[in-house]
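Could you walk me through this model in my viewer, one selection at a time? I would like to know what to pick next and what I will find there.

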Amino acid sequence: MPQTQRLIPLVKLNAPDELAVATGNNASWHCCCERRLPLLGKSGQLKGPSENTCVICPNCEKKYFVAPDGGDYKRAVKVVQLA
Ligand SMILES: [Zn+2]
């Protein structure tokens with residue numbers, strides 16, 4: 001079966017939500033900076049972000065977390081901007 005491309009919310013800090021795309025526990029989205037390539041991350045733990053599970057934009061250093069669906073490292077349900 002092909003890898004379904006799901007649309008999930010990208011919850012931003014100071015702007016309206018946008019969309020990210022997810023397949024399995026991976027998600028991809030565009031940072032709000034001018035970086036042309038998307039960011040890519042996998043889901044973390046239910047308790048929330050940690051140093052090892054957050055994604056930092058290499059261009060502007062904004063920080064994101066891919067939230068899992070009901071259990072650690074489960075499928076991605078949303079991307080949250082942390083800083
Ligand atoms: Zn950025």
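Start by selecting the hairpin of strand 2 and strand 3: two residues lie between the strands, and glycine 24 takes a positive phi near 60° there. Keep in mind that this is a predicted model. Now show both strands in full, strand 2 (18–23) and strand 3 (26–29). They pair in the antiparallel sense over three bridges, and valine 21 stands opposite serine 28 of strand 3.

Keep valine 21 selected and look across to strand 1, where leucine 7 stands opposite it. Strand 1 (residues 6–11) runs antiparallel to strand 2, with five bridges joining them. Follow the chain from strand 1 to strand 2 and you pass through a hairpin of six residues.

Next, go back to strand 3 and add strand 4. These two are antiparallel as well, joined by four bridges, and alanine 27 stands opposite glycine 41. Colour strand 4 (residues 39–42) by face: Leu39 and Gly41 are on the covered face, Leu40 and Lys42 on the uncovered one. In a regular strand, side chains alternate between the two faces of the sheet.

Now select the largest nonpolar core, which has 14 residues; Ala20, Ala27, Trp29, Leu39, Tyr64, Val66 and Val79 have the most contacts inside it. Strands 2, 3, 6 (63–68) and 7 (76–81) each give two or more residues to this core, and strand 6 gives the most, with four.

For a last stop, centre on valine 79. Beyond its neighbours within four places in sequence, valine 79 is in contact with Ile8, Leu10, Val11, Ala20, Ala27, Trp29, Tyr64 and Val66.

Notes:
Residues numbered from 1 in each chain as written. Predicted model: local features only at pLDDT ≥ 70, side-chain atom pairs only at ≥ 80, totals over all residues. Core = buried A, V, L, I, M, F, W, Y, C linked by C-beta atoms within 7 Å. Buried ≥ 20, exposed ≤ 12 C-beta atoms within 10 Å, placed from the backbone. Contact = placed C-beta atoms within 7 Å. Pairing = 2+ DSSP bridges.
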